[in-house]
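Student: I am new to this structure and would like a close look at a single part of it. Could you choose one helix, describe its setting with care, and then follow the chain outward from there?

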Amino acid sequence: MKKLLAMGVIGLLAATANAALADEDAELVIEGQAFVTKLDAPADSPLSEILSGWRFRNDETQELQTDDFENPAMIFAEYGEELWETADGETGKSCADCHGDAAESMKGLRASMPKWHEGKKTLFALEDHINLSREEHQKAKPWKWESQEMLAMTSYIGLQSRGMPVKVKTDGPAAEWWKRGEELYYTRVGQLDMSCAHCHENNYGNMIRADHLSQGQTNGFPVYRLKWQGMGSIHRRFKGCMDNIRATPYKRGSDEFTALELYLASRGEGLSVETPALRN
């Protein structure tokens, strides 16, 4: 039964193999700044070219992201700026009290995430860094992974790296995490017996459920999805994919999802950070 279901899904994708991208020649420019959304793939990549998820969206959605006033994700970034300046916890300190101007202190952080945390001897996503700072420096309660506060703060911090190229460290202690992420990417799971690669490597650009499949690049997260009518983290998207193939998803913030996040970030190196991006 698993094989029959999987064959049915793959057959649906194959039936639309000639579907074109929303606009193959589109270029993303925001506030006069040009973004890299298309790259030649390196020799060791399984992809022939590297494409941002923005290139797979329809014209209307693409256009919304080119205007910060129209992009609904910017509301979350603005809330994050407010939280940055707000004192919290037993210490009564704000993020700004320790880190100053986020435009300087947080510049480039999102582009390098996730990364190894030497103090905790583990791989940290951006959300982990935020909660560690809240607990240890502000003596405040950690935020839930998908809370409005966390999404706002990751949007705001991510905005400080917007336009910078994604570049993650995959050697040293991070190497085993990268390898684990790669294994997860190609492992068949769920009732449909599918892996990430079935959609995002073998069938990107094809249509499914009236939308284009992308390469699953993560350079825009957290993103505002029109389907969600709100913001969501990378790990929320991972969970949604696993739900779609009827697999038991890992928890947000789990080692599995963080390892997968590192692997996917490495597949999109060189793409511009678009945080906070807009998707269908």
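**A helix and its surroundings**

Tutor: In this predicted model, eight of the eleven residues of helix H6 are buried, so H6 is largely enclosed by the rest of the structure. The buried residues are Leu126, Glu127, Asp128, Ile130, Asn131, Leu132, Ser133 and Arg134. Among the elements that cover these buried residues of H6 are helix H4 (95-99), strand E5 (115-117), strand E6 (122-124) and helix H7.

H7 deserves a longer look. The axes of H6, which spans residues 126-136, and H7, which spans residues 148-159, come within 10 Å and cross at roughly 110 degrees. An angle of 65 to 115 degrees counts as roughly perpendicular, and H6 and H7 are therefore roughly perpendicular to each other. On the H6 side the contact is made by Leu126, Glu127, Ile130 and Asn131, while H7 contributes Met150, Met153, Thr154 and Ile157. Sorted by character, the residues of this contact between H6 and H7 divide into five nonpolar, two polar and one charged.

Following the chain onward from H7 leads into the loop between H7 and helix H8 (175-186), where Arg162 is found. Arg162 forms a salt bridge with Asp68, and the closest N and O atoms of the two are 3.0 Å apart. This pair links distant parts of the chain, since Asp68 sits in the loop between helix H2 (59-65) and helix H3 (73-84), 94 residues apart from Arg162. Arg162 and Asp68 are both buried.

The loop between H7 and H8 also holds Gly163, which counts as partly exposed because its relative accessibility is 21%. Leaving aside residues up to four places away in sequence, Gly163 touches Gln33, Phe35, Ser272 and Val273. Gly163 and Gly53 are 110 residues apart in sequence, and their C-alpha atoms are 15 Å apart in space.

Lys167 lies in this loop between H7 and H8 as well, and Lys167 forms a salt bridge with Glu269, with the closest N and O atoms 3.7 Å apart. Here again distant parts of the chain are linked, for Glu269 belongs to the loop between helix H11 (255-267) and strand E11 (277-279), 102 residues apart from Lys167. The partners have their own degrees of exposure: Glu269 counts as partly exposed at 27% relative accessibility, whereas Lys167 counts as exposed at 57%.

Side chains of opposite charge can pair when their charged atoms come close. A search of the whole structure finds 15 salt bridges, and one of them joins the side chains of Arg188 and Asp193, with 3.6 Å from N to O. Arg188 is partly exposed, with a relative accessible area of 46%.

A last point concerns the cysteines, for the structure holds zero disulfides. A disulfide would need two cysteine sulfur atoms within 2.5 Å, but the sulfur of Cys95 is 8.3 Å from the closest cysteine sulfur, that of Cys98, which is too far for a bond. Cys95 counts as buried, with a relative accessibility of 15%. Cys241 is likewise in no disulfide, as the nearest cysteine sulfur, in Cys196, is 6.8 Å away, and Cys241 is partly exposed, with a relative accessible area of 27%.

Methods: Residues are numbered from 1 along each chain as its sequence is written. This is a predicted model: local features need pLDDT of at least 70, side-chain atom pairs count only at pLDDT 80 or more; totals for chains, interfaces and linings use all residues. Side-chain values use heavy atoms; hydrogens and water are left out. Buried means under 20% relative accessible area, exposed over 50%, partly exposed in between (1.4 Å probe, protein chains only). Axes are lines fitted to C-alpha atoms, for helices over the stretch in contact, and angles run from 0 to 180 degrees between N-to-C directions. Helices (H or I, at least four residues) and strands (E, at least two) are DSSP runs, numbered from the N terminus. Angles under 35 degrees count as roughly parallel, over 145 as roughly antiparallel, 65 to 115 as roughly perpendicular and the rest as oblique. Contact means heavy atoms within 4.5 Å. Ala, Val, Leu, Ile, Met, Phe, Trp, Tyr, Cys and Pro count as nonpolar, Asp, Glu, Lys and Arg as charged, and the others, Gly among them, as polar. A salt bridge is a side-chain nitrogen of Lys or Arg within 4 Å of a carboxyl oxygen of Asp or Glu.
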